[in-house]
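These entries record what I looked up in one structure, in the order in which I examined it. I began with the open space at the surface and ended with single residues.

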Amino acid sequence: MTPGSERTPAKARRASGELLSGAVAIAAILLFVGTGSSVLSATLAYYFEGGEPADRTIVIALLLNVALILIGWRRHHYLSEEISLRTAAEERAQLLASRDPLTGFLNRRSMAEEGAALLSRGTKRGKATALLLLDLDHFKSVNDMHGHTVGDALLRAVAEEMTHILPQSALIARFGGDEFACAMLFDPEHPGTVDRIADRLVSRMAQPFTVEGIGCHISCSLGLARSDFGCPSIDALMRSADIAMYSAKKSGRNRFAWFDRSMERELEARNELENGLRSAIPRQEIVPYFEQQIDLATMRLQGFEVLARWEHPTRGLISPEEFIPVAEETGMIAELSMSIMRQAFASARDWDSSISLAVNISPWQLRDAWLAQKIIKLLTETRFPAERLEVEITESALFDNMALAQSIIGSLKNQGIRLALDDFGTGYSSLAHLRALPFDRIKIDRSFIVSMSENPDSAAIVTAITKLGESLNLPVTAEGIEDEAVAARLLAMGCSKGQGWHFGKPLSMTGARRLLAEKRLLTAAPNPDQPPVRVATNQRLAG
């Protein structure tokens, strides 16, 4: 039901009240005319013709009638005001129920109702309906940094720009947060009209906004769907546009994408992967694999980097590139990481004391103030020596909250755990991080190592990093070594440790034990009855 198509309850009550008041007023006036004329004629006859005075009963009736008229008028005035106030309140409530109070746009429910009507009108006129779903990129950062007042002002500014760009006949809605939608009719033979509007929206959102005197930089990911391509209902349009928007965001943001069926299949595969992860982690289907870390000078095995592999019961071995992003998006990365570490620590505790383990910490995990305590607890429970553990942290993980990162890293260092700055050279403030945090090692990003033979710039970067490590007395590890020539060149540059497929592919727990047995680097298994390794409580851990 569209607004105004039927009388609202308040309007019906007002009409009913006015009808009743009108009927009472007419009756009172008729009574006043009847009694008044009788009293007036009798009074005139009494004074001028010597007749009988007016009947006292009629006079009293006239006075009562006058009083009734006065009371009725006041009552009518009061009821009219009350009904007007109630009507206004109900209309405001109806407006709030159908509109977003911040921008004045439609809300999700109203968009569904009016969008369905628009779709029906378009079908009758031979027009197609396009639905645009727009999600602001980096809006949360603005909100967190400058507060909700600036965030709300930014949303209003975005709404104003959308109003200028979109056609006047379009339906515009805010679905909550930083998500907007628009439905419009267009000629199905000329979809370029919608393309141009989408392109203008994306271009404008990428330009700076100034709100409350603050410059804000955002962008948007925009998904589009059209009714004549398998979306016969407004719900189907919304779902398809949402899938397209997710695809635009996944493809790098600051762009728009039309929906197609391949996106839906990709999303279904992703959801299947997510559901599989939820059961695979507790069942320990995701297991540690171990990549060798070699001393480039002596070619001796010094340790392993712990990698994750999914041993799927039907699909076989699944690469971490497939499931790690899903784990991070869904928040399962912390549980997955702890499971991998627990398995790796338990497997490696009877290895030779010269063999270290390196584990990666994701940016998402570094937001957890209790991360250090959780790692220490795992070491205690698995009886794995803290001094044999090296925690690798990427530069990008340090950007969100440097103070918290310093607290976590300090807590780990206090237990004897070593720290490595991973993917060095890909961040924006590497030197600042090296000064602010007590790292024990630098790891050069594999992208520089893989391309250094063909790309002089990559070779120059690797040379600069190794010299920096030497000047700071920080050993350097190179990832991605794939042949002997690269390994020799890195050694000549001053790189102390290397890893990559040149030294062998990552090994399963069984494969790692077989390799260590061949090298006689396995010790007697620890006695399970021995007390656990005592780990000092770190009072500096953030609460």
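**Entry 1. The largest pocket.** I took a pocket to be an open set of grid points with protein on both sides within 12 Å along at least five of seven lines. The coordinates I examined are those of a predicted model. I looked up the volume and found that the largest pocket holds about 1,200 Å³ of space. Its lining comprises 37 residues, and those closest to the centre are Glu305, Leu307, Pro320, Glu321 and Asn360. I then asked which elements each supply at least two residues of this lining. They are strand 8, strand 9, helix 9, helix 10, strand 11 and strand 13, the last of these spanning 418-424.

**Entry 2. The overall account.** I next recorded the chain as a whole. I noted 17 helices and 16 strands in the protein. The protein has 543 residues, of which 43% count as buried. I looked up the accessible surface and found about 28,600 Å² exposed, with carbon and sulfur atoms supplying 55% of it. For contacts between residues at least 6 apart in sequence, I recorded that 70% join residues at least 24 apart.

**Entry 3. Aromatic pairs.** How many aromatic pairs does the count come to? I recorded six. One of them joins Phe290 and Trp351, with 5.3 Å centre to centre and 70° between the planes, an edge-to-face arrangement. Phe290 belongs to strand 8, while Trp351 is in the loop between helix 10 (333-348) and strand 11 (356-361), so this pair ties together parts that are 61 residues apart in sequence. I checked burial for both partners, and Phe290 and Trp351 are each buried.

I then turned to Trp310 and Phe323, which also form an edge-to-face pair, at 5.9 Å centre to centre and with 90° between the planes. Trp310 is in strand 9 and Phe323 in helix 9 (residues 320-330), 13 residues apart, and the pair links distant parts of the chain. Buried or exposed, I asked of Trp310? Trp310 counts as buried because its relative accessibility is 2%, under the 20% limit. Phe323 is buried as well, with a relative accessible area of 0%.

I also looked for ring pairs that share members. Phe290, Phe304 and Trp351 are linked by ring pairs into a cluster.

**Entry 4. Charges over rings.** I searched for charged ends placed over aromatic rings and noted two cases. The charged end of Arg108 sits over the ring of Phe175, 4.1 Å from its centre. For Arg226, the charged end sits over the ring of Phe229, and the distance to the ring centre is 4.1 Å.

**Entry 5. Enclosed space.** I looked for cavities of 30 Å³ or more, and the count came to one. About 60 Å³ of space lies in the largest cavity. Which residues line the largest cavity? I listed Ile243, Tyr246, Ser247, Lys250, Met263, Glu266 and Leu267. Two elements give two or more residues to this lining, namely helix 7 (234-250) and helix 8. Helix 7 provides the largest share, four residues.

**Entry 6. Backbone angles.** I looked for positive phi values in residues other than glycine. Gln284 has a phi of about 55° and is not a glycine. I located Gln284 in the loop between helix 8 (261-280) and strand 8 (286-295). Its relative accessibility is 40%, so Gln284 counts as partly exposed, since that class lies between 20% and 50%.

Met299 is a further case, with a positive phi near 60°. Where is Met299 found? I placed Met299 in the loop between strand 8 and strand 9 (301-312). Met299 has 42% relative accessibility and therefore counts as partly exposed.

**Entry 7. A glycine in helix 17.** I closed with Gly511, which I located in helix 17 (residues 509-518). Gly511 is buried because its relative accessible area is 11%. How far apart are the C-alpha atoms of Gly511 and Tyr289, I asked, and what is the separation along the chain? The C-alpha atoms are separated by 8.9 Å, and the two residues are 222 residues apart along the chain.

Methods:
Residues are numbered from 1 along each chain as its sequence is written. This is a predicted model: local features need pLDDT of at least 70, side-chain atom pairs count only at pLDDT 80 or more; totals for chains, interfaces and linings use all residues. Side-chain values use heavy atoms; hydrogens and water are left out. Buried means under 20% relative accessible area, exposed over 50%, partly exposed in between (1.4 Å probe, protein chains only). Contact means heavy atoms within 4.5 Å. Accessible areas come from the Shrake-Rupley method with a 1.4 Å probe; for residues, only the protein chains shown count as cover. Rings of Phe, Tyr and Trp (its six-membered ring) pair if their centres lie within 6.5 Å; planes under 30 degrees apart count as stacked, over 60 as edge-to-face and the rest as tilted. A charge sits over a ring if NZ of Lys or CZ of Arg is within 6 Å of the ring centre and within 35 degrees of the ring normal. On a 1 Å grid over the protein atoms alone, a cavity is a set of points where a 1.4 Å probe fits but cannot get out, and a pocket is an open set with protein on both sides within 12 Å along at least five of seven lines; lining residues have an atom within 4 Å of a point. Grid points are joined across faces, edges and corners, and a volume is the space filled by probe spheres set on the points.
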